[in-house]
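Q: Please take a close look at a single helix of this chain. I should like to understand how its residues are placed and what surrounds them.

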Amino acid sequence: MQYTTVRAANSGRAMTTSAHVHYGTSRGLNLDDLEHTTQAEIDTYLNYARNNHVPLYLQTSHTVWLENRPDMMKLHHRVLPNFRKEYAEAVFMMSIGQLHTYIFLDWEIGITNEFKVMQTQGITKTQLMEIVMAAQIYAGIRGLEAVYRATWPFIRDFQDRPQPAKFPDGWDYNIAAFKAGLDESTLELTPSDRQKLNDWYMQNGGEIPKWVTFMTRHRPEFLKAYRLRWEGIFRGALPRQCMPFMMIYHNVVNGYRDGLREAALLGKAWGMSKDWLLLAVIACAYYYTGFEGMNMVEDAIGDIL
């Protein structure tokens, strides 16, 4: 492939680009020409953003690119097809991971955006609430307040679409898999409970997390109450594999090595393929940490992928 050195628009700096690329167009943007972005290209993109009425930040945050560095926006759009290469449901599943993370980060416009985006893709209000409940485990009351502020103008009138959302093939709704079999007739973490909880982790990943060992030793009743709360998040609206998918997002964005390993082991035990594990990792790294964040990923799960 031949390369030519040309001037970057709006920068005055020399840069190297390919003389022959074949990325085509995306929402009116000519991705094969990084050095020239016409007003017609910008207008076409913004017209798409206005008519779409869903991704709210397409007309705001993306304007920073369009008005100052349209070459970077085009480079971004060159990357996006890589997320869709393996599975048609990839972008939809990324929205689930993004919503979980936006709730944790208290980003209201992102929460609104994903509620609206996934509604067009067929997700139900009940399914959205399972994502919210899963995120609230990490985000606390702060996360619920963010959801309220982001969705209160429309959530009571939210209408499920007749065509349901499409989840990955082979994913299932076995909520019994969440249950360790703890004795709910007593607050105490009984010796039987301890054994059942340890057995659950060994059967669903092969390792007992350090935090479980710590809480068993120091606050066993708290651990039991917390575990039963976690087991109650999913009630059959979402496939169970969505839980480890969201857990991967959370632990990558926060750089939690051991938490990522726990999530990936659970995902593997529940039938998530390598491609789905990688999608959660790479999508999260791309949008939140940069690929340097995957140094931790390699340490955490490089041996189990």
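A: A residue is called buried when its relative accessible area is under 20%, and exposed when that area is over 50%. With these terms in hand, one may turn to the model, which is a predicted one. Its chain has 13 helices and 4 strands, and 46% of its 305 residues count as buried.

The helix chosen here is α1, which covers residues 39-52. At 1.5 Å a residue, its 14 residues should span 20 Å, and its end C-alpha atoms are indeed 20 Å apart, so the expected and computed spans agree.

Within α1, the residues E41, I42, Y45 and A49 are buried. Viewed down the axis of α1, the buried residues fall within an arc of 100 degrees, and therefore they line one face of the helix. A general rule helps in reading this pattern: an α-helix has 3.6 residues a turn, so residues three or four places apart point the same way.

What do the buried residues of α1 pack against? Their partners are β4 (29-30), α2 (61-68) and α3 (70-79). The face turned away from the buried side of α1 carries the exposed residues Q39, A40 and N51.

Finally, the residue that follows α1 is H53, and the phi of H53 is positive, near 60 degrees.

To place the helix in its wider setting, the C-alpha atoms of the chain fill a box of roughly 70 × 45 × 35 Å along the principal axes. Of the contacts between residues at least 6 apart in sequence, 68% join residues at least 24 apart.

Conventions
Residues numbered from 1 in each chain as written. Predicted model: local features only at pLDDT ≥ 70, side-chain atom pairs only at ≥ 80, totals over all residues. Heavy atoms only, no water. Helix = DSSP H or I, 4+ residues; strand = E, 2+ residues; numbered from the N terminus. Buried < 20%, exposed > 50% of the residue type's maximum accessible area, 1.4 Å probe, protein only. Contact = heavy atoms within 4.5 Å. Expected span 1.5 Å × (residues − 1). Arc of directions from axis to C-beta.
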